[in-house]
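I opened a new page for this structure. These entries follow the order in which I looked things up.

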Amino acid sequence: MIVYFSGTGNSAYVAKRLQRELQDEGFDLFSSIRHRKKDALYAKQPWVIVAPTYAWRIPRVVHEWLKEVELTGSRELYFVMTCGGSIGNAGAYLERLCKEKGWSYQGCMQIVMPENYIALYDAPKKQEALTIIHNAEKQIAEAAEYIRTHRRIPKPEISVRDFVNSAWINPLFYPLIVHADKFYATDACISCGKCEQVCPLGNIQLKQGVPDWGKSCTHCMACICSCPKEAIEYGNSSKGKVRYLCSHVVSKEE
């Protein structure tokens with residue numbers, strides 16, 4: 001079963017490509033995470049967890065879900081992580097989690113996709129994004145072949161920088177960076193409620209027609225990138241930046 005979490009669509013795209021390649025079922029974690037559901041799941045074929053990379057590790061919301069959920073049937077777990085540049089040493093933490101849960105860790109594949117974290121970086125324009133996605137197809141096919149043949153994905157070489165990013169930067173990223181305080185809606189907001197609908201943590205509510213952010217946020221960028229009027233900003237960091245949704249980029253290409 002292909003289990004995936006996605007904010008702006010990169011991981012959803014990869015998950016659906018793997019579904020096609022492997023002729024397997026897909027399970028979107030959005031509802032489970034939003035409603036804090038930890039119902040046991042069953043899969044005859046290997047489990048494939050597809051998720052974005054947040055500060056060189058799997059998102060904490062996905063990690064916490066995996067720690068609490070019961071995955072029955074197959075004991076094999078593959079991880080496929082999308083990123084704008086590198087997943088760092090994320091695999092080491094996933095292997096440790098699998099050992100704790102009694103799962104057979106089968107490795108982690110890095111898939112480079114367009115950058116979407118516009119709170120800090122720039123997202124690519126459409127043509128550049130398409131090129132990156134097209135280049136990712138080889139990596140997706142390679143991941144599918146490992147899973148199809150039940151072979152373990154080889155461990156990548158880990159640099160000192162990879163180790164530091166995952167071990168030291170990631171723990172600082174959440175308390176120092178991951179807050180919703182800087183999100184706000186401009187006068188361009190039309191009160192459509194899209195931001196409220198796409199938030200995986202249910203952290204946004206419309207109050208008198210204006211979105212209001214609570215204290216729970218994972219910085220998935222779903223709200224700011226899904227706004228049809230680009231009426232959401234993240235302080236001054238997002239002003240003038242391209243909003244990225246994978247579905248908008250590939251909609252006329254599939």
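I began with the area buried between domain 1 and domain 2: about 2400 Å², with 64% of it on carbon and sulfur atoms. Buried area here is the accessible area (1.4 Å probe) that two parts lose on being put together, summed over both. I noted that this is a predicted model, in which local features need pLDDT of at least 70, side-chain atom pairs count only at pLDDT 80 or more, and totals for chains, interfaces and linings use all residues. Residues are numbered from 1 along each chain as its sequence is written, and side-chain values use heavy atoms, with hydrogens and water left out.

I looked up the bounds next: domain 1 covers 1-166 and domain 2 covers 172-248, as set by an automatic or database domain assignment. Their C-alpha centres lie 23 Å apart. To the contact (heavy atoms within 4.5 Å), domain 1 gives 32 residues and domain 2 gives 27 residues.

I then searched between the domains for salt bridges (a side-chain nitrogen of Lys or Arg within 4 Å of a carboxyl oxygen of Asp or Glu). The count between domain 1 and domain 2 is one. I also counted polar contacts across this interface and found 10 residue pairs, both residues at pLDDT 80 or more. A polar contact is a pair of N or O atoms within 3.5 Å; within protein, one must be able to donate a hydrogen and the other to accept it, and residues adjacent in sequence count only if both atoms are side-chain atoms. On the domain 1 side, the elements giving two or more residues are α1 (10-22), α2 (30-34), α3 (60-68) and α5 (126-148). Helices (H or I, at least four residues) and strands (E, at least two) are DSSP runs, numbered from the N terminus.

Searching the whole structure gave me 10 salt bridges. I looked up E21 and R148, whose salt bridge has its closest N and O atoms 3.6 Å apart. E21 lies in helix α1 and R148 in helix α5, 127 residues apart along the chain.

Last, I counted nine helices and 11 strands in the protein.
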